[in-house]
Amino acid sequence: MHPQIRLFSIFVISCLLFAPHLRAQDNPLNDPDLKDMLKQAQGKREKEKLQAALKKQLEAPGPVVLPDWTPATPEFKPAGPAARKIVDDEVRIVQAGTSSLTPEKIADNWQAAANAANNLNQSLNQISVNGKITRILFLSTRTDPRQEVELEASREPDGKITQVEISSPLPKPNIESE
């Protein structure tokens, strides 16, 4: 027998004899690193889908108005028309402006209007940092479809003008699944 054929035969026989003793590779789906990478990729896809849906909602035609039950803000001077903006993974209608009243008086006025309506939930945050006074008031309807409006009024120490932002989230967009 030729030495090359003999060598090849020994190699083939060795492979056949020892192949059952070799461990098969573990299931790759049980690898924690792979699971983590797959989870991150899925999260990234979901975030991209959400951003696309939000952009579509932001650019959709239609009126840009706050709910009709939004309380009036005394001495409010708008800084321009209400606009749609993406804030914290949601599209909101935002109206910014100023008022000569203090944040406390503006919040009190909104609370009085909410109490008079008798069908609104309300939550007030009173914040004071380094002399800057901020009042954030959340109002929401008690019936479906639930609507929300948020007032944020801030005044710097020794300031004469209060910065006011009124906003309301639009309904969450539908995210198409694959």
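These are my notebook entries on a predicted model of one protein chain.

**Ground rules.** I am working from a predicted model, where local features need pLDDT of at least 70 and side-chain atom pairs count only at pLDDT 80 or more, while totals for chains, interfaces and linings use all residues. I number residues from 1 along each chain as its sequence is written, and side-chain values use heavy atoms, with hydrogens and water left out.

**Overall layout.** I looked up the secondary structure first and found three helices and seven strands in the protein chain, where helices (H or I, at least four residues) and strands (E, at least two) are DSSP runs numbered from the N terminus. Read from the N terminus, the elements run α-α-β-β-β-α-β-β-β-β.

I then asked what the radius of gyration is, set against a compact globule of 178 residues. The protein chain has 31 Å, whereas such a globule would have a value near 16 Å; the radius is taken over C-alpha atoms, and the globule rule is 2.2 Å times the number of residues to the power 0.38. The C-alpha trace spans about 105 × 40 × 30 Å along its principal axes.

As one long distance I noted Phe8 and Ala114, whose C-alpha atoms are separated by 91 Å and which are 106 residues apart along the chain. Phe8 sits in helix H1 (residues 3–18) and is exposed, with a relative accessible area of 54%; I use buried for under 20% relative accessible area, exposed for over 50%, and partly exposed in between (1.4 Å probe, protein chains only).

**Burial and contacts in total.** Of the 178 residues, 26% count as buried. The accessible surface comes to about 12800 Å², of which 56% belongs to carbon and sulfur atoms; these areas come from the Shrake-Rupley method with a 1.4 Å probe, and for residues only the protein chains shown count as cover. Among contacts (heavy atoms within 4.5 Å) with a separation of 6 or more, residues 24 or more positions apart account for 52%.

**Salt bridges.** I counted a salt bridge where a side-chain nitrogen of Lys or Arg lies within 4 Å of a carboxyl oxygen of Asp or Glu, and the structure holds seven of them. Side chains of opposite charge can pair when their charged atoms come close.

Which residue does Arg92 pair with at 2.5 Å? The partner is Glu90, with that distance taken between the closest N and O atoms. Arg92 is buried at 7% relative accessible area, and Glu90 is also buried, at 17%.

Glu90 has a further salt bridge with Lys172, where the closest N and O atoms are 3.7 Å apart. Lys172 lies in the segment after strand E7 (162–169) and Glu90 in the loop between strand E2 (83–86) and strand E3 (91–99), so this pair ties together parts that are 82 residues apart in sequence. Lys172 counts as exposed, at 59% relative accessibility.

Arg92 in turn pairs with Glu150 at 3.4 Å between the closest N and O atoms. This pair links distant parts of the chain, with Arg92 in strand E3 and Glu150 in strand E6 (residues 148–155), 58 residues apart. Glu150 counts as buried at 17% relative accessibility. Through shared partners, the salt bridges join Glu90, Arg92, Glu150 and Lys172 into one network.

**Nonpolar core.** I took a core to be a set of buried Ala, Val, Leu, Ile, Met, Phe, Trp, Tyr and Cys residues joined through side-chain atoms within 4.5 Å. The largest has 13 residues, of which Ile106, Trp110, Leu137, Leu139, Leu151, Val164 and Ile166 touch the most other members. Helix H3 (103–117), strand E5 (132–141), E6 and E7 each supply at least two residues of this core. Leaving out residues up to four places away in sequence, Leu151 touches a list of residues including Ile106, Trp110, Leu137, Val164 and Ile166.

**Two buried polar side chains.** Ser168 is in strand E7 and is buried, at 5% relative accessible area. Its side chain reaches the backbone oxygen of Glu148 at 2.6 Å. Beyond four places in sequence, Ser168 touches Leu66, Pro67, Val91, Arg92, Ile93, Glu148 and Val149.

Thr70 is in the loop between helix H2 (32–59) and strand E1 (76–78), and Thr70 is buried at 17%. The side chain of Thr70 reaches the backbone oxygen of Pro67 at 2.7 Å. Leaving aside neighbours within four places in sequence, Thr70 is in contact with Trp110, Val149 and Ile166.

Technical notes:
A polar contact is a pair of N or O atoms within 3.5 Å; within protein, one must be able to donate a hydrogen and the other to accept it, and residues adjacent in sequence count only if both atoms are side-chain atoms.
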